[in-house]
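User: Hi! I'm new to reading protein structures. Could you walk me through this one?
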Amino acid sequence: MEVFGSLSPQWFWLSLGVLLAAAEVVAPGFFLIWLALAAFATGLLAFALPIAFPLQVGLFAVLSVVAVYGARRWLVNNPIVSDDPLLNHRGGRMIGEIVIVAEAIRDGNGRVKFGDSVWSAKGPDLSVGSRARIVSANGSVLTVEGL
């Protein structure tokens, strides 16, 4: 705290803004950046106007609430849409792919080969070597249909 004690209040707010922005980069959650912007705004206002430190703290609190609330409203109205919504959903990426039955599917259960892996599968009865299409994935179990 001695380091912050030697800083003028304006530099304290700007330093806090840098720390919060760095924390957002290290642990992204799209939340700390708004607090960082509030800290930067407080620091800049403290440079421009002679504001006492307790009032600066109150200003930071108000700006933080306004920034987070405003960002939340904006993000609700303008959601971030991924270019690749199945990026982290391996099973979803597999839907529509063709597989080879590795262990006969009998009574709805068997195993299929996809790429260099063998997966548990559910579907209609199919013999070894048959081709099937993946129609859904639930965890490590693929649901297939015969071709």
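User: At what angle do helix α2 and helix α4 pack?
Analyst: Happy to help! First, this is a predicted model, where local features need pLDDT of at least 70, side-chain atom pairs count only at pLDDT 80 or more, and totals for chains, interfaces and linings use all residues. Residues are numbered from 1 along each chain as its sequence is written, and side-chain values use heavy atoms, leaving out hydrogens and water. Helix α2 (residues 9–26) packs against helix α4 (residues 53–77) at about 25°, and their axes are 11 Å apart. That makes α2 roughly parallel to α4; angles under 35 degrees count as roughly parallel, over 145 as roughly antiparallel, 65 to 115 as roughly perpendicular and the rest as oblique. Axes are lines fitted to C-alpha atoms, for helices over the stretch in contact, and angles run from 0 to 180 degrees between N-to-C directions.

User: Cool. Which residues in α2 and α4 meet?
Analyst: Pro 9, Phe 12, Trp 13 and Leu 16 of α2 meet Phe 53, Gln 56, Val 57 and Phe 60 of α4. Contact means heavy atoms within 4.5 Å. By class, that contact has seven nonpolar, one polar and no charged residues. Ala, Val, Leu, Ile, Met, Phe, Trp, Tyr, Cys and Pro count as nonpolar, Asp, Glu, Lys and Arg as charged, and the others, Gly among them, as polar.

User: And how do α2 and α3 cross?
Analyst: The axes of α2 and helix α3 (residues 32–48) come within 8 Å and cross at roughly 165°. The two helices are therefore roughly antiparallel to each other. Their contact includes Trp 13 and Leu 16 of α2, and Phe 40 and Leu 44 of α3. By class, the contact of α2 with α3 has 17 nonpolar, four polar and one charged residues.

User: Switching to strands: how many bridges join β4 to β5?
Analyst: Six bridges join strand β4 (residues 131–138) to β5, and the two run antiparallel. Two strands pair if DSSP finds at least two bridges between them. They form a hairpin with two residues between them, and Gly 139 in the turn has a positive phi of about 70°.

User: What stands opposite Leu 142 in β5?
Analyst: Ala 137 does. Leu 142 is also the bridge partner of Ala 121. Strand β3 (residues 117–122) and strand β5 (residues 141–146) pair in the parallel sense over three bridges.

User: Last one: how exposed is Ile 100?
Analyst: Ile 100 is partly exposed, with a relative accessible area of 38%. Buried means under 20%, exposed over 50%, and partly exposed in between (1.4 Å probe, protein chains only).

Technical notes
Helices (H or I, at least four residues) and strands (E, at least two) are DSSP runs, numbered from the N terminus.
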